[in-house]
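User: I am new to this structure and would like a guided tour. Please pick one chain, look at it closely, and then place it beside its partner.

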Amino acid sequence: MTDQTIQLKIRSLRACIRGRAYLRRQYHPDRLTHPLIRTGKRGEGKFRKATWDEALDKVASEIQRIKEKYGNQAMYVPYGTGGYNQLNGRQTAYRLLNLVGGSLGFYNSYSWAAISKATPYVYGTNITGNQRQDWVNSKYIIMWSWNPSEMRDGTNSEYFIKKAKENGAKIICIDPRMSMSAVSLADEWIPIRPGTDVALMSAMAYVMITENLYDADFVNKYCVGFDSSQMPAGAEDAESYKDYILGVRDGIPKTPEWAQKITAIPKETIIRIAREYATTKPAMLYQGYGMQRRAYGETAVIGGCILQALTGNVGIPGGWAGGIALQADNGGPKWNVFPTGANPVKASIPSFLWSEAVLRGSEMTEEDGVKGVEKLDSNIKMIYAVASNCLINQHANVNRSAKILEDESLVEFFVIHEQFMTPTAKFADVVLPVCTQFEMWGLEDGWKYGEEVILMPKVLDRLPETKSDYEICSEVAERLGVKEEYTEGRTEKEWIEWAIEYYRSTWFPDIPNLKKFERSNKGVYSVPVTKPKIAFEDFRKDPVKHKLKTPSGKIEIFSKTLYDMNNPEYIPPIPKYIEEWESPFGKEADKFPLQVVGHHYMSRVHSTHDNNDWTNEAFPQRVFINEIDAKQRGIKSGDNVKIYNERGTIIMPCRVTKKILPGVIDIPQGAWWTPDENGIDRRGNVNVLSSEKWTPLAFGNAQHTIMAEVEQAEDE
Amino acid sequence: MLWRRVYEVGSGGWVQKDDAWINDIRTYNMSVACNHCEEPVCVDVCPTKAMTKDKNGIVTIDEKRCIGCKYCEWVCPYGAPQFNESTGLMTKCDFCTDYVSEGKNPSCVDACPMRVLEFGELKEMKKKHGVESEVFPFPKEHYTKPAIIIKKHSKVIEVDDTSASIFNEEEV
């Protein structure tokens with residue numbers, strides 16, 4: 001193993017095309033270069049230039065006004081991931097507001113709400129991933145809804161999978177799209193109908209159980225809830241996993257025939273992969289996050305974890321526990337260490353429910369996912385957004401969000417720090433122009449696997465009149481009388497020194513100081529991995545001494561905690577296939593027969609880079625439609641097509657392809673919403689079609705659960 | 001204008017059987033730039049001798065001689081020479097000849113996150129990887145003798161398979 005690990009030592013991480021195209025963003029003619037104050041209606045995009053003094057005075061006085069009138073809980077810094085280098089990014093605003101009484105918090109994210117909530121019900125933790133240097137030891141890899149070649153799940157993760165393949169692993173990819181990962185890494189692509197992952201998982205379990213291929217010793221020793229002999233106290237008579245799979249109580253055995261009807265995967269294929277997976281050791285089932293941004297995403301997460309347990313692959317090299325898979329043994333990179341200070345406001349909401357808190361915050365309780373208090377005191381009345389395009393563009397149901405933000409009686413003041421006039425920034429009252437990361441000092445410790453700290457020195461002068469997020473917040477702090485507390489007297493470069501010291505005092509004890517880091521002329525400080533860490537290695541060796549942090553101390557195939565929630569239809573204590581609220585099997589399919597997914601496109605990071613001409617040339621924004629669906633509708637590649645459902649309409653060019661399951665279309669997520677005079681989006685923002693409805697357990701986004709129809713656009 | 005372009009190619013289709021969708025799709029990506037052919041037809045047809053193959057085997061354009069007539073673009077089976085609207089001249093991949101002369105790799109080789117591109121003397125590379133260069137959508141090797149070796153994808157499609165096509169025409 002050690003030899004292979006050494007072979008895997010990568011001398012440098014390699015940038016993706018977004019990084020390669022950064023030049024065009026840095027020198028983009030549309031960079032914001034002046035503070036702007038709104039003159040037209042909200043969302044109209046009409047602004048006038050303002051001086052920094054005028055703009056910052058306004059921000060400071062609105063903070064004071066909202067605080068006095070509605071209290072600190074009425075102020076909100078929304079989710080958004082456009083800036084992440086310590087001194088750019090939303091953490092700068094948390095620190096600011098925390099010094100003046102705090103703001104309404106949020107928890108979870110738009111990336112992994114369901115998976116971060118659900119994984120601990122099985123394992124008691126989110127640290128369920130081996131270090132990726134271990135992937136080379138795997139002999140069978142299932143990339144389930146995982147596409148590391150196109151999106152970034154750790155820089156160069158796709159290369160580690162390639163190394164595993166070279167080392168003899170068989171790789172299969174389960175995805176409605178034949179992604180670049182399926183093409184370049186997988187031996188076999190298994191197209192699945194979106195939202196039916198648990199049906200496939202259940203049928204695989206059926207094969208393993210009925211053919212006695214599962215690891216019974218492992219299940220007996222390390223798990224609870226597999227069969228009636230293993231049920232926890234207080235739920236002795238509840239339905240076990242095995243009962244569900246065999247259909248003992250509901251009369252429906254979860255056979256491959258049953259799953260074929262639901263998943264569109266031939267039963268022979270299901271049987272074959274179940275056998276291969278159960279008999280090839282060690283194996284890893286890697287769960288991407290696309291499958292959990294869906295109606296009942298939590299069940300798919302738990303279902304995948306349980307397959308890894310049934311096959312006895314937990315806690316061993318080359319194996320994998322499944323779930324969110326933060327890196328062993330400390331959770332991996334932390335992304336931001338800039339200190340935000342304590343938030344005096346205890347209340348927080350699920351990140352996806354911000355619009356609910358705007359509309360009816362003061363009615364929101366635990367039922368709506370509110371934490372820290374029984375009930376919110378106030379609706380959100382002020383939004384302080386930093387590097388976030390998540391209110392309009394990346395939130396579900398754009399037309400709804402736009403209506404909410406247009407109403408000045410709801411959110412009374414909306415300020416944003418931005419580099420460009422994004423669809424979200426158009427709705428702001430004050431837009432403050434931000435410098436790029438090349439124009440300031442920064443530091444980053446990678447995402448999401450890795451043992452690196454990346455120094456981001458200031459290499460360019462700032463565009464005149466742009467400021468860092470930190471600088472802007474410190475100037476607002478000055479107006480609010482807390483500048484000294486905000487800056488602690490440090491310059492930006494001194495904060496980076498501070499951050500390096502922080503890393504040294506925690507998980508990078510040997511990191512050089514800033515001076516040495518600079519002098520070494522290496523952008524990256526890297527700790528070599530000689531022996532990859534394996535999640536649950538201790539538990540595997542001795543489950544009595546090293547109990548999991550679950551209530552039973554074991555892997556919970558059946559969760560008593562979920563059982564006690566008493567909502568078996570939507571939050572089952574074992575992972576059950578649940579038909580989604582919009583699905584090809586529902587009545588809605590009569591009008592809207594196509595499932596829509598919005599995959600992470602190579603040309604963007606979410607909505608960042610959508611205005612980059614280089615990445616757009618390489619990967620133009622198109623709706624991808626299967627050749628059979630296209631033919632039925634008389635559509636050819638390059639045609640402008642109309643895509644619609646009850647929430648909105650898009651007109652955009654299409655590409656007819658073989659590389660997607662019939663019945664599914666793909667609108668790569670992140671394109672900037674560009675409505676015409678009729679409110680029809682002309683760019684192709686998938687969130688015009690997505691729903692604001694949240695998942696039952698995590699209160700997470702279900703933005704890939706969409707039905708729509710496509711037809712030839714009439715007007716062009 | 002891109003000197004190196006990635007072609008998504010493939011064949012096959014879909015049929016529905018009972019409730020299942022079955023496909024026999026074969027696809028792979030072909031990263032294609034100038035292949036610095038051993039018998040470069042672009043050099044043969046260039047009326048001003050602007051296109052030459054140097055002692056290292058690299059095919060380059062002398063911009064002082066180029067008249068932008070596009071003959072090279074028409075004959076090249078790999079789409080390597082392209083017309084630059086702003087200069088009125090032809091342009092193409094020169095294998096980063098400046099880097100190569102300093103003993104470095106061409107940029108594309110060092111940039112590829114999947115590390116699938118490798119650069120070296122053709123003879124050495126043939127020894128290491130074999131001699132294969134005939135893969136759809138390339139033409140038969142004998143036309144220009146491209147200085148490229150392709151490690152075949154498991155789903156490789158033969159050059160003369162008429163059912164195959166390029167999926168991303170507008171990107172290449």
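Analyst: **A close look at chain B**

Let's start with chain B, whose secondary structure comes to five helices and nine strands (DSSP runs numbered from the N terminus, with helices being H or I of at least four residues and strands E of at least two). Please keep in mind that this is a predicted model, in which local features need pLDDT of at least 70 and side-chain atom pairs pLDDT 80 or more, while totals for chains, interfaces and linings use all residues. Residues are numbered from 1 along each chain as its sequence is written, with chains lettered from A and ligands numbered from 1 in the order in which they are written.

Walking along the sequence of chain B, you meet the pattern β-β-β-β-α-β-β-α-β-β-α-α-α-β. The C-alpha trace of this chain spans about 65 × 35 × 30 Å along its principal axes. Of its 172 residues, 23% are buried (20 or more other C-beta atoms within 10 Å of the residue's own, C-beta atoms being placed from the backbone). Among contacts in chain B with a separation of 6 or more, 48% link residues 24 or more positions apart; a contact means C-beta atoms within 7 Å.

Now for the partner: 20 residues of chain B are in contact with 26 residues of chain A. On chain B's side, strand S3 (20-23) and strand S4 (26-32) are the elements that give two or more residues. By class, this side has ten nonpolar, six polar and four charged residues, where Asp, Glu, Lys and Arg count as charged, Ala, Val, Leu, Ile, Met, Phe, Trp, Tyr, Cys and Pro as nonpolar, and the others, Gly among them, as polar.

Chain A itself has 25 helices and 23 strands. Its C-alpha atoms fill a box of roughly 75 × 65 × 50 Å along the principal axes. Buried residues make up 58% of its 716 residues, and 75% of its contacts with a separation of 6 or more are between residues 24 or more positions apart.

One part of chain A to find on screen is an open sheet of three strands in the order S14-S15-S16, with antiparallel pairing (at least two DSSP bridges between paired strands). Strand S14 (442-444) and strand S16 (524-526) of chain A stand at the edges with a single partner strand each, so one side of each has no neighbour in the sheet. Strand S15 (residues 452-456) of chain A is joined to S16(A) by three bridges, and Glu452(A) stands opposite Ser526(A) in S16(A).

Methods. Contact = placed C-beta atoms within 7 Å. Buried ≥ 20, exposed ≤ 12 C-beta atoms within 10 Å, placed from the backbone.
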